[in-house]
Amino acid sequence: KNQEAATSEFLLGMGKFGNTLTEAASSLKGGVELRRPDVNIVDGLDLKPAALNKAASEPKIADHCDAVLHDWCKQVEKLLDQGQGTFSSQTPDDVGPDTELEYW
């Protein structure tokens, strides 16, 4: 029962994390389209803790989901790195509300 509760909590957290990433990525200049898991691999998976625990023990599914999540992280990191250059030429005294308003 503890494992099911932990799995449910993890899945809820991952869902929220995925939504946050999607919103953050789309709000960035140019936006981004995150790769979806391959339908041939994840199609038919029941989104219940017991079924997901079973699926996680299958290397093909686990490896695929790991690769997709890794790609998401790389895409988001790349976008965040690109966004950091926006104010990089300014000194700390230049950064503030007025600078932000001028930028937008």
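Me: R35 first: buried or exposed?
Reply: In between: R35 has a relative accessible area of 35%, so R35 counts as partly exposed (buried is under 20%, exposed over 50%, partly exposed in between, with a 1.4 Å probe and protein chains only). This is a predicted model, where local features need pLDDT of at least 70, side-chain atom pairs count only at pLDDT 80 or more, and totals for chains, interfaces and linings use all residues. Residues are numbered from 1 along each chain as its sequence is written, and side-chain values use heavy atoms, leaving out hydrogens and water.

Me: OK, what does R35 form a salt bridge with?
Reply: D71, with the closest N and O atoms 3.0 Å apart. The rule is a side-chain nitrogen of Lys or Arg within 4 Å of a carboxyl oxygen of Asp or Glu.

Me: And where do the two lie?
Reply: D71 is in helix 4 and R35 in the loop between helix 1 and helix 2 (39-42), so the pair ties together parts 36 residues apart in sequence. Helices here are DSSP runs (H or I, at least four residues), numbered from the N terminus.

Me: How many salt bridges by this rule?
Reply: One.

Me: Is D71 buried or exposed?
Reply: D71 is partly exposed, at 25% relative accessibility.

Me: Switching topic: what volume does the largest pocket have?
Reply: About 1000 Å³. A pocket is an open set of points on a 1 Å grid over the protein atoms alone where a 1.4 Å probe fits, with protein on both sides within 12 Å along at least five of seven lines; lining residues have an atom within 4 Å of a point. The volume is the space filled by probe spheres set on the points, which are joined across faces, edges and corners.

Me: Which lining residues are closest to its centre?
Reply: L11, M14, P37, C65 and W72, of 30 that line the largest pocket.

Me: Which element gives the largest share of that lining?
Reply: Helix 1, with 10 residues.
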